[in-house]
Amino acid sequence: MSAWKRTHSCGALGSGDASARVTLMGWVDTVRDLGGITFIDLRDREGITQILVPTEAGTDVVELAKRLGTEWVVAVSGEVLRRTPSTVN
């Protein structure tokens with residue numbers, strides 16, 4: 001963990017960051033298990049980012065994500081994805 005360094009704040013990410021590899025750190029706001037897809041809403045002082053935990057990440061990663069509690073402090077690293085047109089709010 002000591003080698004991890006935040007690259008962006010949660011509120012700083014936008015569509016221009018699509019495909020970028022980022023590291024975020026913050027507090028778990030909510031965890032939602034939608035039957036095969038797990039989402040984490042990660043919050044920091046700048047905003048909230050939705051983290052997708054795909055099944056391809058491996059069973060151990062998915063199970064760990066499901067066990068996260070509200071207000072736990074975590075670091076996540078991954079690729080920024082754009083929402084599909086059908087899922088944009």
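Where along the chain is S9 found? Hi everyone, let's begin there, and then walk through the rest together. S9 sits in the segment before strand β1. Please keep in mind throughout that this is a predicted model.

So, S9. Its relative accessibility is 18%, and it is therefore counted as buried, the cut-off being under 20%. Setting aside neighbours within four places in sequence, S9 touches L24, D44 and E46. Hold on to D44, please, as we will meet that residue again shortly.

Let me now introduce the strands. Strand β1 covers residues 21-33, and six bridges connect it to β2, with the two running antiparallel. One pair to find on your screens is R32, which stands opposite F39 in β2. Between these two strands the hairpin has four residues, and in that hairpin G35 takes a positive phi near 65 degrees.

Next comes the partnership on the other side of our list: β2 with β3. Strand β3 spans residues 47-53, and it pairs with β2 in the antiparallel sense through seven bridges. The hairpin that β2 and β3 form has two residues between the strands. If you would like some pairs to look for, F39 stands opposite L52 in β3, and R43 has I48 in β3 as its bridge partner. Notice F39 here: it faces R32 and also L52.

How much of strand β2 is buried? Six of the seven residues in β2, which runs from 38 to 44, are buried, so the strand is mostly covered.

That brings us back to D44, which lies in β2. Is D44 buried or exposed? D44 has a relative accessible area of 10%, and because the limit for buried is under 20%, D44 counts as buried. What does its side chain reach? The D44 side chain comes to 2.7 Å from the backbone nitrogen of C10. Leaving out neighbours within four places in sequence, the residues in contact with D44 are R6, S9, C10, G11, M25 and W27. There is S9 again, our opening residue, in contact with D44.

Now for the largest pocket. The space in it comes to about 1,300 Å³. It has a lining of 37 residues, and those nearest the centre are T49, Q50, I51, L52 and E79. You have already met L52, the residue opposite F39. Which elements each supply at least two residues of this lining? They are β1, β2 and β3, together with helix α1 at 59-67 and strand β4 at 73-79. By class, the lining has 24 nonpolar residues, nine polar ones and four charged ones.

Let's pause on E79, which is one of the residues nearest the pocket centre. E79 belongs to strand β4. Its relative accessibility is 48%, so E79 counts as partly exposed, since exposed would need over 50%. Apart from neighbours within four places in sequence, E79 is in contact with S19, A20 and R21. And here is a nice one to trace with your finger: E79 and T23 are 56 residues apart along the chain, yet their C-alpha atoms are separated by 8.9 Å.

One of those contacts of E79, S19, deserves a word of its own. S19 is in the segment before β1, and it has a positive phi of about 80 degrees although it is not a glycine. With a relative accessible area of 56%, S19 is exposed, because the cut-off there is over 50%.

Last stop: the loop between α1 and β4, where we find both G69 and E71. Like S19, E71 is not a glycine and has a positive phi, in its case about 75 degrees. E71 counts as partly exposed, at 43% relative accessibility. G69, by contrast, counts as buried at 16%. The C-alpha atoms of G69 and T30 are 7.8 Å from each other, with their positions 39 residues apart along the chain.

To wrap up, here are three things to look for when you open the model. Find β2, paired with β1 and with β3. Find D44, buried and reaching C10 with its side chain. And find the largest pocket, with E79 among the residues nearest its centre. Thanks for listening, everyone!

Technical notes:
Residues numbered from 1 in each chain as written. Predicted model: local features only at pLDDT ≥ 70, side-chain atom pairs only at ≥ 80, totals over all residues. Heavy atoms only, no water. Buried < 20%, exposed > 50% of the residue type's maximum accessible area, 1.4 Å probe, protein only. Pairing = 2+ DSSP bridges. 1 Å grid on protein atoms, 1.4 Å probe; cavity = no way out; pocket = protein on both sides within 12 Å on 5 of 7 lines; lining within 4 Å. Points joined across faces, edges and corners; volume = space filled by probe spheres on them. Nonpolar A, V, L, I, M, F, W, Y, C, P; charged D, E, K, R; others polar. Polar contact = N/O pair within 3.5 Å; in protein donor to acceptor, adjacent residues only side chain to side chain. Contact = heavy atoms within 4.5 Å.
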